[in-house]
Amino acid sequence: MARLSDLGVDFEHWCFACGRLNPAGMHLDFDVSRDRAETRYTGTQRHQGYDGTLHGGIVAALLDETMGWAIFHQGIWGVTAKLSVTYRRPVPVGEELRVTGEVVRDRGRAIELRGTVARASDGEALAEAEGLFLRMPDETRRRLERQYSSAADAFARVRAAVAAEEGMEHGRT
């Protein structure tokens, strides 16, 4: 998997989930491969609901952001149209979590994804999600590409790293 920050993806913005400028944010970084993204996160007290338990909205944000990066790192600018979260067990504060998102089906404008929040220590699924993301209209995408002007170069490096990794995997078989 390719680590986005190592490939020059700029996280110097205010996004609550991945932006470095947001002091209250989660400051996520992602490892990606084709149609997949993964991050690690340890919840803090400021993001809890009940004592010792991560707030359900934070859990949903982790899933939403990770599923979004499963398409965004490929240069697909999308927005969440629908997110359905199933909370399996309380998500503890202070324990490392492994969050994954992956494409299930690309239907053109609509992309179906699924995600999981699992305890990193034993892999137990604590929450799962199904999401529907829509590709942004061209005008909106172009405006955001201008705003985040370094994204195209960074995503080209990410695609090259993912392709190189896939080539090495296929070479082993």
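**Close-up views of a predicted model**

**View 1. Helix α1 and the largest pocket.** Among the elements around the largest pocket, α1 gives the most to the lining, with six residues. Keep in mind as you look around that this is a predicted model. The largest pocket holds about 560 Å³ of space. Its lining is made up of 27 residues, and those closest to the centre of the pocket are C18, E65, W69, F72 and W77. Which elements each supply at least two residues of the lining? They are α1, β4, α2 (138-147) and α3 (151-172). Sorted by class, the lining has 17 nonpolar, seven polar and three charged residues. If you wonder how such spaces are found, rolling a probe the size of a water molecule over the atoms shows where empty space is left.

**View 2. The open sheet and its edges.** Seven strands form an open sheet with antiparallel pairing. Try following the strands across the sheet: the order is β1-β2-β3-β5-β6-β7-β4. Why is one side of β1 (2-3) and of β4 (78-87) left without a neighbour in the sheet? Both strands stand at the edges, and each has a single partner strand, so there is no neighbour on the other side. Helix α1 (residues 56-72) packs on this sheet and touches β2, β3 (36-42), β4, β5 (96-106), β6 (110-119) and β7 (125-135). The direction of α1 makes about 50° with that of β5.

**View 3. The β1 edge of the sheet.** Here β1 meets strand β2 (residues 31-33), and the two pair in the antiparallel sense over two bridges. To find one partner pair, start at R3 and look across to D31 in β2, its bridge partner.

**View 4. Two loop residues with positive phi.** The loop between β1 and β2 contains H27. This residue is not a glycine, yet H27 has a positive phi of about 55°. Is H27 buried, partly exposed or exposed? With a relative accessibility of 33%, H27 counts as partly exposed. Now move along to the loop between β2 and β3, where D35 lies. D35 is also a residue other than glycine, and its phi is positive, near 60°. At 30% relative accessibility, D35 counts as partly exposed.

**View 5. The β4 edge of the sheet.** How many bridges join β4 to β7? There are nine, and the two strands run antiparallel. One place to look is L83, which stands opposite G131 in β7.

**View 6. The hairpin of β6 and β7.** These two strands pair in the antiparallel sense over nine bridges. Pick out E112 and you can find its bridge partner, L132, in β7. Between the strands of this hairpin there are five residues, and G123 takes a positive phi near 75° in the hairpin. While you are looking at strands, here is a handy pattern: in a regular strand the side chains alternate between the two faces of the sheet.

**View 7. A walk along helix α3.** A156 is a residue of helix α3. Its relative accessible area is 36%, so A156 is partly exposed. How far apart are the C-alpha atoms of A156 and M168? They are separated by 18 Å, with the two residues 12 residues apart along the chain.

Definitions and conventions. Residues numbered from 1 in each chain as written. Predicted model: local features only at pLDDT ≥ 70, side-chain atom pairs only at ≥ 80, totals over all residues. Heavy atoms only, no water. Pairing = 2+ DSSP bridges. Helix = DSSP H or I, 4+ residues; strand = E, 2+ residues; numbered from the N terminus. Contact = heavy atoms within 4.5 Å. Axes fitted to C-alpha atoms, helices over the stretch in contact; angles between N-to-C directions. 1 Å grid on protein atoms, 1.4 Å probe; cavity = no way out; pocket = protein on both sides within 12 Å on 5 of 7 lines; lining within 4 Å. Points joined across faces, edges and corners; volume = space filled by probe spheres on them. Nonpolar A, V, L, I, M, F, W, Y, C, P; charged D, E, K, R; others polar. Buried < 20%, exposed > 50% of the residue type's maximum accessible area, 1.4 Å probe, protein only.
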